Amino acid sequence: RRRGYDITPYLPAMYVPLKDVGYYTYGNEIGLPNFDFAGGTTDAGARMRWDFQRTLSELFVEQFIRGMADWAHARGVQSRVQGYGMLADPLAMLGYSDIPETEQLYGGGALNFLKLAGAAGTLYERPVVTSESLVWQGRAYMTTPLKWRVGLDRLYESGINQAIYHGYPYHHPAFPHPGYHPFASPYMAMMNFSSDMSSQDPLLAGAAPALNACAARAQYLLQRSRTSTRVGIFYQLFDYPNGNYIEEELVAGVLDEQDAQLPKAGGISGRVMQMIMPSGGDVTGDRKWIQDSAALAAHLVSRGHYPLYFNEDRLLQAHIEGHAVIMGEARFEALILFRETSLTVEAATKLAELAAAGIPVLFVDVRPDRNPGWHDHAARDQAVREAVGGIGGPLCHSSDDVAAELAAAGVQGE
């Protein structure tokens with residue numbers, strides 16, 4: 001009903017071993033299916049698997065995320081969701097919850113990961129965006145007041161306006177100092193990823209009044225203001241792939257070169273850490289796209305812009321006011337497609353419509369020339385090519401090219 005054909009005869013080609021096992025995909029790219037199509041239709045399986053995953057993503061958002069929100073509303077409460085870590089649209093998972101929530105553990109706490117939640121708050125008009133905060137694998141009892149402040153600042157920069165400390169444990173008198181902390185305990189050696197924000201850590205306890213006063217005032221202001229953004233970057237990955245592969249301050253809890261570095265992957269805890277939170281900048285596939293799009297975003301920030309990711313769900317519901325594309329509370333004056341080789345016909349048509357109305361649509365490295373799905377794919381591929389062909393402008397090949405095109409179009413920084 002959604003994709004235009006019955007998937008049942010092709011189900012064997014939908015199965016990819018370990019694809020839905022989070023602790024495997026956290027550290028590995030998704031592999032090949034057990035069965036696929038031979039002959040001249042070698043992309044048939046890939047197209048069908050995209051259809052299959054897109055359908056699962058839509059159903060999960062509709063039946064679980066939105067269903068849970070409806071259930072909560074009927075009982076006078078709100079839903080809060082950490083919308084990532086599974087193969088579905090993360091912006092939709094976050095945005096259709098009442099309170100989008102992220103964390104500084106997943107993805108190493110990289111800014112472009114945290115900004116997914118901030119973007120969801122802007123795109124879906126959610127006034128409160130929260131984060132499980134000050135939590136990094138293998139860094140328990142290594143949080144200093146400086147890291148506390150930098151960690152909060154990175155959340156606020158990302159559009160997060162409420163930090164939730166991880167954690168504030170109950171200390172049982174049967175356990176000697178520093179007590180039993182369920183996420184960082186000598187009694188459970190592999191559990192070592194949480195700051196002890198209680199009075200048991202005298203360094204943090206002494207800094208708490210000043211830092212909490214700063215956080216309270218910042219969050220008060222942020223929750224009563226709105227994000228200003230003029231540049232959107234299209235995001236159509238299923239999920240945000242986990243791992244420490246973006247180099248920034250405090251990613252994975254390492255502040256700078258003077259800070260204690262990540263331990264080598266030895267022993268049980270080291271092997272577990274490498275499995276669920278792999279480290280290293282040499283990546284491929286979706287992680288490479290994330291890494292390079294983060295570099296583009298960082299470059300644009302250095303030029304005064306504040307780019308946000310947007311998804312197809314918000315794109316298709318967008319409208320124009322003056323010289324801006326309105327997606328929720330976002331007022332984009334330019335849209336960027338970064339190394340996107342495919343678009344749905346609906347997305348390509350909408351982008352052509354916006355471009356015809358005067359909104360700059362910039363393509364980086366490649367122009368999409370195909371529809372990702374299987375049904376009627378030859379005709380739909382052609383429709384994508386025609387829509388994209390109607391969008392003018394040069395092809396950008398670097399972050400400098402993108403910045404120059406934005407300047408030429410009159411898109412100012414924030």
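Four exercises with worked solutions follow.

The structure is a predicted model: local features need pLDDT of at least 70, side-chain atom pairs count only at pLDDT 80 or more, and totals for chains, interfaces and linings use all residues. Residues are numbered from 1 along each chain as its sequence is written, and side-chain values use heavy atoms, with hydrogens and water left out.

**Exercise 1. Describe helix H4 and what follows this helix.**

Step 1. Set the terms. Helices (H or I, at least four residues) and strands (E, at least two) are DSSP runs, numbered from the N terminus.
Step 2. Take the length. H4 has 13 residues and spans 17 Å from first C-alpha to last, close to the 18 Å expected at 1.5 Å a residue. The expected span is 1.5 Å times one less than the number of residues.
Step 3. Look for a bend. H4 bends by about 25° at alanine 117. The bend at a residue is the angle between axes fitted to the seven residues ending there and the seven starting there.
Step 4. Check burial. Buried means under 20% relative accessible area, exposed over 50%, partly exposed in between (1.4 Å probe, protein chains only). In H4, 13 of the 13 residues are buried, so the helix is largely enclosed by the rest of the structure.
Step 5. Move past the end. Glutamate 125 follows H4 and has a positive phi, near 60°.

**Exercise 2. Find what helix H5 packs against.**

Step 1. Locate the helix. H5 covers residues 145-157.
Step 2. Pick the buried residues. Among them are Trp148, Val150, Leu152 and Leu155.
Step 3. Name the partners. The buried residues of H5 pack against helix H4 (111-123), strand E3 (130-133), strand E4 (162-165) and helix H6 (202-222). Contact means heavy atoms within 4.5 Å.
Step 4. Step off the helix. Just after H5, glycine 159 has a positive phi of about 95°.

**Exercise 3. Place serine 133.**

Step 1. Serine 133 belongs to strand E3.
Step 2. Serine 133 is buried, at 0% relative accessible area.
Step 3. Set aside neighbours within four places in sequence. Serine 133 then contacts Gln104, Leu155, Ala163, Ile164, Tyr165 and His166.

**Exercise 4. Explain why E9 and E11 each have a side without a neighbour in the sheet.**

Step 1. Read the order. The open sheet has 3 strands, E9-E10-E11, with antiparallel pairing. Two strands pair if DSSP finds at least two bridges between them.
Step 2. Find the edges. E9 (319-321) and E11 (330-332) stand there, each with a single partner strand, so one side of each has no neighbour in the sheet.
Step 3. Inspect one pair. E10 (residues 324-327) and E11 share 3 bridges. Methionine 327 has alanine 330 in E11 as its bridge partner.
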